[in-house]
Amino acid sequence: MTTNDNPSGDQPLDRTFDRRAFLARAAALSAAGTAALSAPPTAAWAGDKNRDRPGLDGGNAYVKPRPEAMADPTELTLAEAAWMIRNRKISPLELTEAYLARIAAYDATYQAFNTVLADAAREAARAAAKRPNRGVLHGIPLAIKDNYYTAGVRTTANSFLFQDFVPTFDATPVANLKAAGAIVLGKTQMGPLATTRATTPAGVITTVNAWTPDRPNVDPGGSSTGTATSVAGRMATSGTGTQTGGSITAPSNAQNLTGLKPTMGRVSLYGIIPLSYTRDHPGPLARDAKDAAIMLTAMAGEDQNDPRTQGLPRVPDLINAATPVHSGNRVKLRWNTRVGVLPGYADGTSATALARRAFLAAMAAIRGVTLVDVPFPADWSLLTGNDFNNVRLPERSEPFMSYLRSDLRGFGVSVIGWLQGATMGSNEYLTGQRAKLLLLERVLDQIFGSCDVVVQTSPTPFDSIGLPEIGFPIGFTATGEPIGTILGGLPYAEDRLLSVVAAYQAVSDWHWRRPPDPAPAEARAAAPERGRVTAEEAAEQSQ
């Protein structure tokens with residue numbers, strides 16, 4: 001498919017790609033297997049190419065702050081905070097201290113972090129003030145999900161298995177973010193081994209939704225729960241997550257954030273504790289499309305330690321794509337875009353259905369948008385159902401076989417999924433891989449034959465076939481819980497997704513809303529226990 005509509009005058013998107021080549025690449029990844037956890041390469045790689053990536057230090061990366069955000073640095077978006085630092089209105093240390101103060105005041109309730117690197121963050125902030133500005137991420141405090149390796153800092157994946165693991169190098173995305181000037185505030189809570197919402201490895205609920213801290217039963221989204229809560233609770237500007245079955249888009253939707261899961265291979269997985277070789281995707285959770293674009297620009301790119309990243313189309317100017325375009329007083333799309341609407345997407349009278357209809361109406365009013373009804377591909381229910389979805393399980397078991405043989409207790413509440421993977425037959429696995437390729441072929445032909453982006457009712461199908469997705473807020477329930485939606489795109493078309501969400505966020509204000517601060521400490525002390533997730537529930541909810 002070639003799309004070259006160009007209402008903004010920018011260079012058109014290059015959307016010509018060989019579908020057979022993409023299918024062949026997906027097939028090769030499916031057959032590759034995973035590298036042994038016990039024998040990672042000896043060094044991470046992150047070059048100075050971060051500074052040369054499109055838009056990372058361009059004018060569109062910096063946004064003059066809204067007046068209402070000036071009184072509290074933690075209210076600034078990443079792009080606004082970067083403007084403040086570049087114009088010497090705030091120092092990296094002042095910004096870092098503001099976030100550390102909120103962590104000290106509120107994380108006892110949120111339980112978003114399992115490690116806070118206060119002293120190291122302050123030292124990094126002081127160093128940032130003394131060196132030349134490295135770009136938009138210079139001096140920006142971030143939260144890192146605890147399955148990303150961090151040199152000299154425990155990386156547990158919230159599990160018994162890795163509770164004492166201290167890596168000697170940073171995961172490539174972390175190294176890239178640091179090379180671009182970012183500051184690591186700490187490591188965030190996550191579902192045990194990246195499976196469910198954040199609990200202890202034994203299943204006791206920890207992290208809550210920042211919007212409902214007094215109602216721990218409200219789903220905060222998993223498994224990147226801690227990152228979502230830290231950003232929603234204004235304890236970090238943005239953060240990193242991983243997605244295998246909705247673990248970026250689900251917590252973003254649950255907590256009023258913008259989360260971007262890129263195309264498979266767009267961001268290196270080197271130095272990230274694996275869950276599923278063919279489905280793990282690192283990506284950002286942020287406050288809006290511009291911030292997500294900044295984060296992904298720094299994180300993305302080729303890595304000699306991860307073959308999945310090699311030989312891909314170049315990373316486009318994501319930050320420019322996430323900058324709204326105006327015609328007079330009206331917002332318009334950067335590129336004319338057909339938004340596919342799947343059957344039943346906005347049916348019913350629930351709060352979610354009403355929010356989806358309002359979202360579609362708002363999109364239809366933006367110049368350059370065409371809403372298109374698209375069908376589900378043939379055999380959609382079969383190809384996206386649990387039977388084929390579960391073929392991912394052997395991929396999580398294979399690198400952990402030595403642990404499975406020695407002590408099942410090490411897997412804690414998530415043990416069932418690993419046992420299921422270990423006992424699945426090779427015939428089932430191979431049949432599932434063929435079904436995944438058939439699903440990818442039908443999505444490319446039968447959905448994207450008539451649209452450029454498509455609404456999603458579940459992230460799982462696009463996770464399994466490696467296509468990009470973006471989750472973002474579109475409303476609230478009557479009880480104050482965020483409602484989000486997800487758009488899926490063509491391979492390597494993160495720029496198209498960002499342009500659509502940026503336009504929508506220019507005509508809506510959901511993403512500006514922030515949760516109230518939690519109750520005082522004395523009220524929290526009397527709060528009841530938060531409950532527990534059983535092994536059976538963990539297996540049902542597993543990513």
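**Strand 10, the largest pocket and Asp-291**

Let me start in the sheet, where Val-339 has Val-453 of strand 10 as its bridge partner, strands here being DSSP runs of E with at least two residues, and helices runs of H or I with at least four, numbered from the N terminus. Please keep in mind that this is a predicted model, in which local features need pLDDT of at least 70 and side-chain atom pairs count only at pLDDT 80 or more, while totals for chains, interfaces and linings use all residues. Residues are numbered from 1 along each chain as its sequence is written, and side-chain values use heavy atoms, with hydrogens and water left out.

Strand 8, residues 330-341, pairs with strand 10 in the parallel sense over two bridges, pairing being taken to need at least two DSSP bridges between the strands. Strand 10 also runs antiparallel to strand 12, to which four bridges join it, and there Val-453 stands opposite Gly-489. As for the faces of strand 10, residues 453-456, both are covered, with Val-453 and Val-455 buried on one side and Val-454 and Gln-456 buried on the other; buried means under 20% relative accessible area, exposed over 50%, and partly exposed in between, with a 1.4 Å probe and protein chains only.

Strand 12 takes us to the largest pocket, since it gives the most to the lining, with five residues. A pocket here is an open set of points on a 1 Å grid over the protein atoms alone, where a 1.4 Å probe fits, with protein on both sides within 12 Å along at least five of seven lines, and lining residues have an atom within 4 Å of a point. About 860 Å³ of space lies in this pocket, and of the 41 residues that line it, Gly-245, Ala-250, Ser-458, Pro-459 and Thr-460 are the closest to its centre. Among the elements that give two or more residues to the lining are helix 7 (249-254), helix 17 (460-465) and helix 20 (535-541).

Let me turn, finally, to Asp-291, which lies in helix 8, residues 289-299. Asp-291 counts as buried because its relative accessibility is 0%. Leaving aside residues up to four places away in sequence, Asp-291 touches Thr-77, Leu-78, Ala-79, Ser-238 and Ala-286, a contact meaning heavy atoms within 4.5 Å. The C-alpha atom of Asp-291 is separated by 9.7 Å from that of Gly-259, 32 residues apart along the chain.

For the protein as a whole, there are 20 helices and twelve strands, and 61% of the 543 residues count as buried.

Terms used
Grid points are joined across faces, edges and corners, and a volume is the space filled by probe spheres set on the points.
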